[in-house]
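Please follow the account below with the model in view. It proceeds from a surface feature to the backbone and then to the annotation on record.

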Amino acid sequence: LYLDVLFAPIPLFPATAGYCVGILCKWKISIRIQLAILIIFLANIGVAIIVCVMYRHQTILMDSDPFKMSKYPYDISWIRDRGDTCILVERTPLIVIVILTILLIAIHSSYPGLTNYHNSK
């Protein structure tokens, strides 16, 4: 999904070149940002595969095996005891809106192609 929809790279062989026809390319997002997004996505996939393999490995092992990992040693039952509510529940939507607004303003002002794009037409 990441490579097929967001990036859709088209390699030009035998030259070491290519071009992009994905959604992020059409939105004129920098290649550096696209590569950063791709690396984050692929790293997440790698971590998920490792977690699945480790879970399967730990499930197969006997309890007395030296490679068996111990359970989480800390008592975190107080999280369930405090209830379902949290202090920031009423403020959370406002915080999310403020953070997203600041992030969008920062992206818009730091990318010079967006400011000149509307004036050129």
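In this predicted model, Ile-10, Leu-12, Tyr-19 and Val-21 together form a nonpolar patch on the surface, with an area of about 320 Å². One of these residues, Leu-12, belongs to strand β1, which covers residues 9-12. Leu-12 has a relative accessibility of 39%, and it therefore counts as partly exposed, since that class lies between the limits of 20% for buried and 50% for exposed residues.

Two features of the backbone deserve attention. The first concerns the peptide bond that leads from Phe-13 to Pro-14: this bond is cis, and its omega is near 5 degrees. Pro-14 itself is located in the loop that links β1 to β2, the latter being residues 17-20. The second concerns Lys-28, a residue other than glycine whose phi is positive, near 60 degrees. Lys-28 sits in the loop between α2 (23-26) and α3 (31-60). As background to both features, most peptide bonds are trans, and most residues other than glycine have a negative phi.

The record may now be set beside the model. In an unreviewed entry, UniProt assigns the feature "transmembrane region" to residues 6-25, 37-57 and 94-114. What are the helix and strand contents of the span 6-25? Residues 6-25 are 25% helix and 40% strand, and the C-alpha atoms at the two ends of this span are 8 Å apart. For residues 37-57, the chain is 100% helix and 0% strand, with 30 Å between the end C-alpha atoms.

Methods. Residues numbered from 1 in each chain as written. Predicted model: local features only at pLDDT ≥ 70, side-chain atom pairs only at ≥ 80, totals over all residues. Heavy atoms only, no water. Patch = residues over 30% accessible without salt bridge, like charges linked within 9 Å, V, L, I, M, F, W, Y side chains within 5 Å. Areas by Shrake-Rupley, 256 points an atom, 1.4 Å probe, with all protein chains shown as cover. Salt bridge = Lys/Arg side-chain N within 4 Å of Asp/Glu carboxyl O. Helix = DSSP H or I, 4+ residues; strand = E, 2+ residues; numbered from the N terminus. Buried < 20%, exposed > 50% of the residue type's maximum accessible area, 1.4 Å probe, protein only. UniProt positions renumbered as here; feature names shortened; annotations may be inferred.
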